[in-house]
Amino acid sequence: MADLWQNAMDHAVTIARHAGEVVREALQDDGKKTVMTKSSSVDLVTQTDQKVEQLIIQSVKEKFPTHSFIGEESVAAGESCVLTDGPTWIIDPIDGTTNFVHTFPFVAVSIGFSVSKQMEFGVVYSCLEDKMYTARRGRGAFCNGEPLQVSDQEDIRQSIIATEFGSSRDPEAINKIFSSLRSILCIPVHGVRGAGTAAINMCLVASGCVEAYYEIGIHVWDVAAGSLIVSEAGGVLMDVEGGPVDMMSRRIVAANSRTIAERIVKEIDAFSPPRDDAAPPNQ
């Protein structure tokens with residue numbers, strides 16, 4: 001049977017690498033880091049985010065004119081965030097914008113591709129590390145062509161857990177985030193880490209460097225590609241309350257095993273941010 005989506009994935013890898021070159025160039029030029037805000041004073045966006053997203057979308061449109069897009073900056077500008085059954089590219093042009101602004105060295109281009117609401121491939125390019133993470137559904141996950149495999153650690157007390165604090169500064173949400181963090185630290189675990197980008201955190205799970213990553217408040221473009229990379233490396237995905245993961249819910253646990261994921265879920269003080277696919281208030 002012909003491989004319907006290999007050509008699309010090859011293009012995603014090429015354009016992610018090109019986008020990474022743009023990001024690296026911008027990191028050397030403070031003039032290209034004009035910082036703006038979106039939902040809050042700590043939800044940052046730069047001209048480079050917008051430039052890279054347009055570069056990716058334009059390139060894909062030329063090659064695959066019937067495909068749809070969900071892009072972080074497009075949604076921020078008012079485009080809908082609806083995942084249909086059609087071929088859909090889910091793009092985060094710079095995952096880790098705050099890192100980018102501060103030259104903190106973890107910044108990724110994330111491109112996921114969904115058909116019939118199922119991820120077919122994921123590409124995460126860690127620009128400054130020059131690491132290209134890729135996965136095809138049913139065909140494994142790789143970093144620079146080398147196979148990835150999650151950790152075989154089943155003891156939560158000997159695990160490293162990754163998470164982030166997000167861009168919400170709502171006191172109730174912050175209380176729940178720190179409640180979860182305290183509970184997980186006190187299991188106790190070996191440590192808690194965060195790269196400042198959901199996509200790279202998920203790739204660290206896939207690489208076996210950390211046993212689990214959890215977060216409430218991320219968006220579908222943050223985790224679309226990484227979710228497949230984790231799954232194809234042998235990991236599991238779960239909602240923070242233990243059910244199946246819903247990419248639009250803005251909540252996720254990605255772990256090396258069901259045992260670790262379920263243990264993390266027991267400690268999470270869950271809440272539900274507004275869904276990505278919720279209609280804007282004026283609609």
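Two strands are taken to pair if DSSP finds at least two bridges between them. With that in hand, a good place to enter this predicted model is the contact between two neighbouring strands, where Met-238 stands opposite Val-253 in strand 14. Strand 13 and strand 14, the latter spanning residues 251–255, pair in the antiparallel sense, and three bridges join them.

These two strands belong to an open sheet of five strands, arranged in the order 11-10-12-14-13 with mixed pairing. The edges are formed by strand 11 (191–193) and strand 13 (236–238), each of which pairs on one side only. On average, and with direction ignored, neighbouring strands of this sheet are turned by 20° against each other. In general, the strands of a sheet pair through backbone hydrogen bonds, either parallel or antiparallel.

Two helices meet this sheet. Helix 6, residues 198–207, lies across strand 10 (160–163), strand 12 (212–216), strand 13 and strand 14, and runs at about 155° to strand 12. Helix 8 (residues 258–267) packs on the sheet as well, touching strand 10, strand 12, strand 13 and strand 14. The direction of helix 8 makes about 25° with that of strand 13.

Helix 6 deserves a closer look. How many of its ten residues are buried? Eight are, which leaves the helix mostly covered. The buried set consists of Ala-198, Ala-199, Ile-200, Asn-201, Met-202, Cys-203, Val-205 and Ala-206. Both ends of the helix can also be described. At the N-terminal end, Thr-197 acts as a cap, with a side-chain oxygen 3.3 Å from the backbone nitrogen of Ala-199. Just after the helix, Gly-208 takes a positive phi of about 85°.

Stepping back to the whole molecule, the protein chain holds eight helices and 14 strands. Its C-alpha atoms fill a box of roughly 50 × 50 × 40 Å along the principal axes. The radius of gyration is 18 Å, which agrees with the value near 19 Å expected for a compact globule of 283 residues. Of those 283 residues, 53% count as buried. Among contacts with a separation of 6 or more, 64% join residues 24 or more positions apart. The chain exposes about 12500 Å², and carbon and sulfur atoms supply 50% of that area.

Conventions:
Residues are numbered from 1 along each chain as its sequence is written. This is a predicted model: local features need pLDDT of at least 70, side-chain atom pairs count only at pLDDT 80 or more; totals for chains, interfaces and linings use all residues. Side-chain values use heavy atoms; hydrogens and water are left out. Helices (H or I, at least four residues) and strands (E, at least two) are DSSP runs, numbered from the N terminus. Axes are lines fitted to C-alpha atoms, for helices over the stretch in contact, and angles run from 0 to 180 degrees between N-to-C directions. Contact means heavy atoms within 4.5 Å. The radius of gyration is taken over C-alpha atoms; the globule rule is 2.2 Å times the number of residues to the power 0.38. Buried means under 20% relative accessible area, exposed over 50%, partly exposed in between (1.4 Å probe, protein chains only). Accessible areas come from the Shrake-Rupley method with a 1.4 Å probe; for residues, only the protein chains shown count as cover. A polar contact is a pair of N or O atoms within 3.5 Å; within protein, one must be able to donate a hydrogen and the other to accept it, and residues adjacent in sequence count only if both atoms are side-chain atoms.
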